[in-house]
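Student: Hey, I've got a structure open and could use some help reading it. Can we go through it together?

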Amino acid sequence: MFDSMRALLLAAVGAVDLTDEKLRAIVEDLVRRGEIAADEARDLRARWAQRRASRDEELDDRIRAVVDETLGRRNVASHASVADLQARVDALEQAVTALIASDAHPR
C-alpha cells in the first residue's frame, strides 16, 4: 500500500517538474518571438511558482490526511501519542526512582 502511495507521489512530482519545464520553454519561446517582454516572462514565472507552491501545500495536506486516516484505520500510533506516552513513562520512572531513594534512606 505504501509502495503504491509512494509511486503516486513520485508520479505527481514528475508531472509538476515536466509542467514547469514546459512552461519555461513556452515562455522563453514567447519572449524569443517578441510576443511578451522579458519582465512579463519573469512575472509570469513568479506567479506560476507562487500557484505551484500553493498547490504543493494543498497536495501535502491531502497526502497527510490520507496517511493519517490510513494509519488510524490500521490502529498505528501517531508520533504525538508515542511522545505523550514517552513523557508519561519518563515521569513514572522519576517517581519510582524517588520512591526507591526514599525507601533506601528512611528518615
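Student: Okay, where does valine 31 sit?
Tutor: Valine 31 is in helix H1, which covers residues 2-32. Keep in mind that this is a predicted model.

Student: Is valine 31 buried, exposed or partly exposed?
Tutor: Valine 31 is partly exposed, because its relative accessible area is 31% and that category lies between 20% and 50%.

Student: What does valine 31 touch, leaving out residues up to four places away in sequence?
Tutor: Its contacts are Ile36, Ala37, Ala38 and Ala41. Take alanine 41: it comes 10 residues away from valine 31 along the chain, yet their C-alpha atoms are 7.1 Å apart. Ala41 belongs to helix H2, where it is buried.

Student: Which other residues of H2 are buried?
Tutor: Trp48 and Thr70 are buried in H2 too.

Student: Let's take threonine 70, then. Why does it count as buried?
Tutor: Threonine 70 has a relative accessibility of 4%, and anything under 20% is called buried, so it qualifies.

Student: And what does the side chain of threonine 70 reach?
Tutor: That side chain reaches the backbone oxygen of valine 66, at 2.8 Å.

Student: How many residues does H2 have?
Tutor: H2 has 36 residues, running from 38 to 73. From its first C-alpha to its last it reaches 52 Å, close to the 52 Å expected at 1.5 Å a residue.

Student: What follows H2?
Tutor: Asparagine 75 does, and its phi is positive, near 60°. This residue lies in the loop between H2 and H3. A positive phi here belongs to a residue other than glycine.

Student: Buried or exposed, that asparagine 75?
Tutor: Exposed, because the relative accessible area of asparagine 75 is 70%, and the cut-off for exposed is over 50%.

Student: Changing topic: how many salt bridges are there?
Tutor: The count comes to six salt bridges. One of them joins aspartate 29 to arginine 32, with the closest N and O atoms 3.5 Å apart.

Student: Where do aspartate 29 and arginine 32 lie?
Tutor: Both are in helix H1, three residues apart, which is about one turn of the helix. In general, an α-helix has 3.6 residues a turn, so residues three or four places apart point the same way.

Student: How exposed are those two?
Tutor: Aspartate 29 is partly exposed, at 26% relative accessibility. Arginine 32 is exposed, at 63%.

Student: Which residue does arginine 33 form a salt bridge with?
Tutor: Arginine 33 pairs with aspartate 29, the closest N and O atoms being 3.2 Å apart. Arginine 33 also has a salt bridge with glutamate 35, where the closest N and O atoms are 2.9 Å apart. Glutamate 35 and arginine 33 are both exposed. Through shared partners, the salt bridges join Asp29, Arg32, Arg33 and Glu35 into one network.

Student: Zooming out, how many helices and strands does the chain have?
Tutor: Three helices and zero strands. Along the sequence, that reads as the pattern α-α-α.

Student: And how much of the chain is buried?
Tutor: Buried residues make up 7% of the 107 residues. The chain exposes about 9,000 Å², and carbon and sulfur atoms supply 57% of that.

Student: Last thing: what's the mean pLDDT of the chain?
Tutor: The mean is 82, and 80% of the residues reach 70 or more.

Student: Which elements have the lowest and the highest mean pLDDT?
Tutor: H1 has the lowest, at 70, while helix H3 (residues 79-104) has the highest, at 93. As a general caution, where pLDDT is low, the predicted coordinates should not be read in detail.

Key
Residues are numbered from 1 along each chain as its sequence is written. Side-chain values use heavy atoms; hydrogens and water are left out. Helices (H or I, at least four residues) and strands (E, at least two) are DSSP runs, numbered from the N terminus. The expected span of a helix is 1.5 Å times one less than its number of residues. Buried means under 20% relative accessible area, exposed over 50%, partly exposed in between (1.4 Å probe, protein chains only). Contact means heavy atoms within 4.5 Å. Accessible areas come from the Shrake-Rupley method with a 1.4 Å probe; for residues, only the protein chains shown count as cover. A polar contact is a pair of N or O atoms within 3.5 Å; within protein, one must be able to donate a hydrogen and the other to accept it, and residues adjacent in sequence count only if both atoms are side-chain atoms. pLDDT is the predictor's confidence in each residue, from 0 to 100. A salt bridge is a side-chain nitrogen of Lys or Arg within 4 Å of a carboxyl oxygen of Asp or Glu.
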